[in-house]
Amino acid sequence: MFETVTPPEPDKIIRLMGMFAADTRTGKVDLGVGVYRSPEGKTPVMAAVKQAEERIWTAQDSKSYVGLRGDLGYLDAMRHLILGQSVPADRVAGAGTPGGTGAVRQVLETVHRLAPSATVWISDPTWPNHPAIIDHLGQKRQSYRYYDAATGGIDRTGMMADLARVGRGDLILLHGCCHNPTGADLLLDDWQEVAALCARTGAIPFVDMAYQGFGLGLEEDAAGVRLLAATLPEVLIAASCSKNFGLYRERVGAVLIVTTGKAAAEGVLAGMNRQNFAFPPDHGARVVQEILGDETLGALWRGELDGMRRTMEGNRRALAEALREETGSDRFGFLAAHRGMFSLIGATSTQVDRLREVHGIYLVGDGRMNVAGLTPDTIPRVAQALAEVLA
Ligand code: LMR
């Protein structure tokens, strides 16, 4: 069956991971895939996670199946983390998934089944796996303007003009915070405008929440999705614990659906899980549940998360400052204003190639930089290389 098949090209992030791994140069700098690194360049297991794992290891006496939607305690903890008090619990259906990508896939496939003619509107640009999954499912998609490269901010007029064309039942895919790849986030007024547009048109917001706590803080980063949940009849949410709990390889995610048909939505999600992978992974979800359900562990985790956010903010400020010195201009000032792991640095693909080939600095082909990959040691060198290549 496979002899004549051409395998699909990996997307630009996965391709870059392979290239970085194959590069034998010492001093190479990985600013590609979205993985947090400490100032020492490590991606450590969080202390709260270690302690939760120890407790689970001691107390757990079975690895038998849990349920098609995973552990209900985990789902409730995730609902509370993301939605707070914005909407009553009896309006929220949930299901565990393998990672945030699994949640994106389950939401899109659910919508594809229930509303095959709906168009999914994605920001231009967005995470490459969004259009890839939509296309794989055979859904219709359209892009809306989002990023204004000239200012490093959001093209609000373009965005709202494009979204004015949505139809009833269409999905508007929004990044809950820390927009990937631009780092430019919607403000509360923008969320308000999106909510009003959805109320007016009958379009449904679909929020991808992959970086809660990496932007301004756990509560602040959830303000947009909470506003939608408090005002609209239906909101679809794909959540990831890869980044904020550092549980990348454990694959911990969840679908949350704000709806007036909770029981039916839960049945649909359970059926979708059954057909795609049956039971969602348990270990990482249990770690999250243990942390969120325990005051001491929860405080420890929030402290560690704050520390990660401060490191990223520090990297942004230090790189912007080093670039100001290198270039004698404020051209890269937007770096300090962006939120989360990523910024589009404004490099062409040729410049990205040169950064990699000559300087061993790895950025995604569209010029996306993972600022969490910087360290105090690498910042001066990266600033010099950027100033030279982007001159
Ligand atoms: C990224 O955007 O780098 C991360 O979300 C990792 C991934 O799966 O692409």
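How many residue pairs are in polar contact across the interface of domain 1 and domain 2? In this predicted model, the rule finds seven such pairs.

## Domains and their interface

The domain assignment splits the protein into domain 1, made of residues 12-44 + 303-389, and domain 2, covering 65-293. The contact between them draws 21 residues from domain 1 and 25 residues from domain 2. Their C-alpha centres are 27 Å apart.

About 1,700 Å² of area is buried between domain 1 and domain 2, and carbon and sulfur atoms give 64% of this area. Zero salt bridges are counted between the two domains, while the polar contacts number seven residue pairs. On the side of domain 1 that touches domain 2, the elements giving two or more residues are helix H1 (12-22), helix H12 (295-327) and strand S11 (342-344). Of the elements on that side, H12 gives the most, with five residues.

## The seven-stranded sheet

Seven strands form an open sheet with mixed pairing, in the order S2-S10-S9-S8-S7-S3-S4. Strand S2 (92-97) and strand S4 (140-145) each have a single partner strand, so each edge strand has one side without a neighbour in the sheet. From one strand to the next, the twist averages 20 degrees.

Within this order, S9 stands next to S8. Strand S8 (residues 204-209) pairs with strand S9 (residues 235-240) in the parallel sense, over four bridges. In S9, Ala239 is the bridge partner of Met209.

## Helices on the sheet

Two helices can be placed against these strands. Helix H7 (residues 188-201) packs on the sheet and touches S7 and S8, with its direction at about 170 degrees to that of S7. Helix H6 (residues 156-163) lies across strand S3 (119-124), S4 and strand S7 (171-175). The angle between H6 and S4 is about 150 degrees.

## Backbone features in the loops

The loop between S3 and helix H5 (129-137) holds Pro125. The peptide bond leading from Asp124 to Pro125 is cis, with omega near 5 degrees.

A second cis peptide bond runs from Asn180 to Pro181, with omega near 25 degrees. Pro181 lies in the loop between S7 and H7. Cys178 is also placed in the loop between S7 and H7. The phi of Cys178 is near 55 degrees, which is a positive value in a residue other than glycine.

Definitions and conventions
Residues numbered from 1 in each chain as written. Predicted model: local features only at pLDDT ≥ 70, side-chain atom pairs only at ≥ 80, totals over all residues. Heavy atoms only, no water. Pairing = 2+ DSSP bridges. Axes fitted to C-alpha atoms, helices over the stretch in contact; angles between N-to-C directions. Contact = heavy atoms within 4.5 Å. Domains from an automatic or database assignment. Buried area = accessible area lost by both parts, 1.4 Å probe. Salt bridge = Lys/Arg side-chain N within 4 Å of Asp/Glu carboxyl O. Polar contact = N/O pair within 3.5 Å; in protein donor to acceptor, adjacent residues only side chain to side chain.
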